[in-house]
Amino acid sequence: MTSSKIEIPGEVKSDPAALMASLQLMPSPVQNPEIKYTKIFINNEWQDSVSGKVFPVYNPATGEQICEVQEADKVDVDKAVQAARLAFSFGSVWRRMDASERGRLLSKLADLVERDSVYLATIESLNSGKPFLPTLFVDLQGTIKTLRYFAGYADKIHGQSIPMDGEYLTFTRYEPIGVCGQIIPWNFPLVMTAWKLGPALACGNTVVLKPAEQTPLTCLYIAALSKEAGFPPGVINILPGFGPTAGAAIASHMGIDKVAFTGSTKVGKLIQEVAGKSNLKRVTLELGGKNPNIIFADADLNLAVEEAHQGVFFNAGQCCTAGSRIYVEEPIYEEFVQRSVERAKRRIVGSPFDPMTEQGPQVSREQQNRVLEFIQSGISEGATLECGGKALDVKGFFIEPTVFSNVRDDMRIAREEIFGPVQQIMKFKTIEEVIERANNTEYGLAAAVFTKDINKAITISTAMRAGTVWINCFNALSTQCPFGGYKMSGNGRELGECGLKEYSEVKTITVKMVAKNS
């Protein structure tokens, strides 16, 4: 996932006829796609839940049920952990496999995802409400690139020789941690599956992964592709289910050596607590954000308005990186608000399968109601509602693109993560003031600054207490770059070389020598 902007190929996209002609050349979603996999995937086999329970999965664009999926709980987690431990046991096929072969399997999985990318994008859009074309060109490409990146790293994870004092030969090894529990969110199901599987498998771990109950379908399809790619039984296990049951069982399981979670800070704190109380398993957390986007008066205003718009409204605002606290320097504040409102009003909200759609629905009725409640709180606390603010009067869980001005830092919409299409625009006067205000949050995931002054850009980027800072861009994420947060936005890093270290243990081996020579 490298950008929130989708460029449609072609020279004259502003001409309606040319635009429609170019859209005719775009890939089309699969019509009436078959939902092929709805069971639990353990030991390379499809299984019903031990309890016999199932749960419904919905299309958020219509509110209609797509299918029912087997519901894993603690007993199913126990089975999956047993399979994963056997696959990781000393002398197993997986443990004895060459690192380059692990890389080949990951690369094969990427090839299969690429082969079936139109189908996967269709199911992702159906299940999550994401517009089809951005899903195909952003999410699928991000998934494929992530798997290929870590495939290439599989045989390049190596230690060092150390010139230890005395008559010794000392070296280090990077070894897999063991069985890794992974819990992913509903906002980027495919991308998050790749972010979790890629580094874990490249390092030689085995995995028990729980997709979000709202969006399990593409993750289950990836399970089928992993078997086709040739991963040995027990290496990858996918268990659809709910957080309080399957998720809690993963976090507390004594047979799991590490847990990685992407989701809310509230749940992340619970997982860290449970992991510590069980077997002190390793923990990686990628949690919430309330990310500042700072716009100076000398910025390219056209660029800043569009990037700020995409930074908030991409994926219907359902992004942990959403730039939802926009600080605009006083001299350009009114113009920035005016242009932002005009842009929000032009945003096309509709069916995920309409190629003109920019914004689909929220993922669920619960999420829609949560966002609408935040909007009402902004109105009640005195912010100026410039546009939007309501649910669309159609089937599905749609919300109008919403812009607030005259927002104070103490308002709830300026403090809490909304996870919806709501833009808050605030005013600042000095660089010292905006640094203090931007950092005055419990979160520290991302930040951005727009300016033509390199001194301002560097000052802001070094002052921000955040894991990622963008200068004159937003949501510029890539597999090669580490991603994670400060403060209550999480622990550890995903992606890049740093992401591999989260799935490795370092072992020091020292050999007594008869005589040492330099």
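**A buried threonine, two positive phi angles, a helix and a surface patch**

Threonine 146 counts as buried, because its relative accessibility is 0%, where the cut-off for buried is under 20%. The model is a predicted one, and this threonine sits in helix α6, which runs over residues 132-153. Leaving aside residues up to four places away in sequence, the residues that threonine 146 touches are Ala194, Trp195, Thr479 and Leu495. With one of them, Thr479, there is also a polar contact: the two threonine side chains are joined at 3.1 Å.

Leucine 495, another of the residues touched by threonine 146, has a backbone worth a look. Its phi is near 70°, a positive value in a residue other than glycine. Leucine 495 belongs to the loop between β19 (490-491) and α17 (496-501). Loop or not, leucine 495 is buried, because its relative accessible area comes to just 2%, against a cut-off of under 20%.

Asparagine 44 also turns up with a positive phi, about 65°, although it is not a glycine. The loop in this case is the one between β1 (40-42) and β2 (45-47). Asparagine 44 has a relative accessible area of 8%, so it too is buried.

Helix α4 spans residues 99-115, 17 residues in total. From first C-alpha to last, α4 reaches 24 Å, close to the 24 Å expected at 1.5 Å a residue. Its buried residues are Arg102, Gly103, Leu105, Leu106, Leu109, Ala110, Leu112 and Val113. What packs over them? The cover on the buried residues of α4 includes several helices: α3 (93-96), α5 (117-128), α7 (189-202) and α8 (217-229) are among them, and so is α6, the helix that holds threonine 146.

Out on the surface, Ile162, Met164 and Tyr168 make a nonpolar patch of about 220 Å². Tyrosine 168 is part of strand β6, which covers residues 168-176. Is tyrosine 168 exposed, partly exposed or buried? Its relative accessibility is 31%, so tyrosine 168 counts as partly exposed: that class lies between the under 20% of buried and the over 50% of exposed. A patch residue needs over 30% relative accessible area, and tyrosine 168, at 31%, has that.

Definitions and conventions: Residues are numbered from 1 along each chain as its sequence is written. This is a predicted model: local features need pLDDT of at least 70, side-chain atom pairs count only at pLDDT 80 or more; totals for chains, interfaces and linings use all residues. Side-chain values use heavy atoms; hydrogens and water are left out. Helices (H or I, at least four residues) and strands (E, at least two) are DSSP runs, numbered from the N terminus. Buried means under 20% relative accessible area, exposed over 50%, partly exposed in between (1.4 Å probe, protein chains only). A polar contact is a pair of N or O atoms within 3.5 Å; within protein, one must be able to donate a hydrogen and the other to accept it, and residues adjacent in sequence count only if both atoms are side-chain atoms. Contact means heavy atoms within 4.5 Å. The expected span of a helix is 1.5 Å times one less than its number of residues. Patches are made of residues with over 30% relative accessible area and no salt bridge: like charges are joined within 9 Å, nonpolar side chains (Val, Leu, Ile, Met, Phe, Trp, Tyr) within 5 Å. Accessible areas come from the Shrake-Rupley method with a 1.4 Å probe; for residues, only the protein chains shown count as cover. A salt bridge is a side-chain nitrogen of Lys or Arg within 4 Å of a carboxyl oxygen of Asp or Glu.
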